[in-house]
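The following exercises guide a reader through one structure, each with a worked solution. Please study the sequence and the model before starting.

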Amino acid sequence: MPDKEVQGTRLMRRMALQRLRSAGGLARSLFIYWRPGRQRGLQRLYQPFIQPGAVAFDIGAHLGDRSAAFHALGAKVIALEPQPDLVKWFKRLVRPKSITLLPMAAGPTEGFADIAISPGNPTLSTLATEWREQIGERNSGFSQVRWEQRLRVPVTTLDTLIEEYGEPSFIKIDVEGFEAEVLAGLSSPVAALSVEFVAGALAVNHACVNHLSRLGEYRYNVVAGEQRHFRWAEWQTPQAMTEWLSAGADELASGDLYACRSDHQLLQNNVHNTIHNNV
């Protein structure tokens, strides 16, 4: 077989394998994020932060499960997702026209950046180059992840989104190691937000806590993995949160760190029901 034919055959095989991996990755995400009963738990988790008519940002919207929960609580949702394939699925799964879906990323400044896409694990696609290069060595769960595609995407900032859409009552940020850079684009305190944490990359969350401490007085809590309830009955100080991260975050593989401004109504009430009933 001539060299060109051999190369063409190999290319077709690689493309076919990549399509299979993409389909498998999407299937896993659909099962994890859209399994029956999950939406009810998400809505109970976010209800203390979102009142009808409030603005909510979903940064790294993926397949839209959080956007759907925010919308069900009556929020005006602004969702950012830079991956074209996921944008298509978002539109299929989350139909309300009142959700604003922007095909872009968020970062420290406006402009453009390259996102590294993992076809077999689209939820792990990232703009964080250093995080991507190091996470496989620091977290065995990422050792087989391959970021095989690159895509140039537009980037906005949280400040720009706030200027255009209003101050949010809640911001969810899940962008695979780029959380601190996203927060760097926020210059004033907001009521509440969450950022993902991942074992082996907790320096990202130290940077997030440091930035939020410069903006205002916050208290912190944690949701482990894809659970839908808080880990602690009492919200933690920045110092306690920093110490928890430095000690290894209870050896949790991943989760979300929640920050709530100290004057938030949630912190003035007994949060026992929020902690233990969100299952």
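## Exercise 1: The surroundings of Ser67

Determine which residues Ser67 touches, leaving aside those up to four places away in sequence.

Solution. The model used here is predicted. The contacts of Ser67 are Asp58, Ala61, Val77, Ala79, Phe90 and Ile99. Next, place the residue: Ser67 belongs to helix α3, which covers residues 65–72. Finally, classify its accessibility. The relative accessible area of Ser67 is 0%, and a residue counts as buried under 20%. Ser67 is therefore buried.

## Exercise 2: The packing of α8 and α9

Establish how helices α8 and α9 are oriented to each other, and which residues meet.

Solution. Begin with the geometry: helix α8 (residues 203–215) packs with helix α9 (residues 238–246) at an angle of about 170 degrees, and their axes lie 10 Å apart. Angles over 145 degrees count as roughly antiparallel, so this description applies to α8 and α9.

Then turn to the residues. From α8, Asn205, His206, Val209 and Ser213 take part; from α9, they meet Pro238, Met241, Thr242, Leu245 and Ser246. By character, the residues of this contact comprise 4 nonpolar, 5 polar and no charged.

## Exercise 3: The salt bridges of Arg66

Identify where the partners Glu226 and Asp256 of Arg66 lie along the chain.

Solution. Start with the principle. Side chains of opposite charge can pair when their charged atoms come close.

Take Glu226 as the first case. Its side chain forms a salt bridge with that of Arg66, at 3.6 Å from N to O. Arg66 is in helix α3, while Glu226 is in the loop between β9 (218–224) and α9, 160 residues apart. Arg66 is buried, at 7% relative accessible area, whereas Glu226 is partly exposed, at 28%.

Now consider Asp256. The side chains of Arg66 and Asp256 also meet in a salt bridge, at 3.7 Å from N to O. Asp256 lies in strand β10 (residues 254–261) and Arg66 in helix α3, so this pair ties together parts 190 residues apart in sequence. Both Arg66 and Asp256 are buried.

## Exercise 4: A further pair and a network

Assess whether Asp263 and Arg261 are buried, partly exposed or exposed, and state which residues form a network.

Solution. The closest N and O atoms of the salt bridge between Asp263 and Arg261 are 3.2 Å apart. Asp263 has 55% relative accessibility and so counts as exposed. Arg261, at 25%, is partly exposed.

Lastly, salt bridges with shared partners join Arg38, Asp65, Arg66, Glu226 and Asp256 into one network. The count of salt bridges in the model comes to 10.

Terms used: Residues numbered from 1 in each chain as written. Predicted model: local features only at pLDDT ≥ 70, side-chain atom pairs only at ≥ 80, totals over all residues. Heavy atoms only, no water. Helix = DSSP H or I, 4+ residues; strand = E, 2+ residues; numbered from the N terminus. Buried < 20%, exposed > 50% of the residue type's maximum accessible area, 1.4 Å probe, protein only. Contact = heavy atoms within 4.5 Å. Axes fitted to C-alpha atoms, helices over the stretch in contact; angles between N-to-C directions. Parallel < 35°, antiparallel > 145°, perpendicular 65-115°, else oblique. Nonpolar A, V, L, I, M, F, W, Y, C, P; charged D, E, K, R; others polar. Salt bridge = Lys/Arg side-chain N within 4 Å of Asp/Glu carboxyl O.
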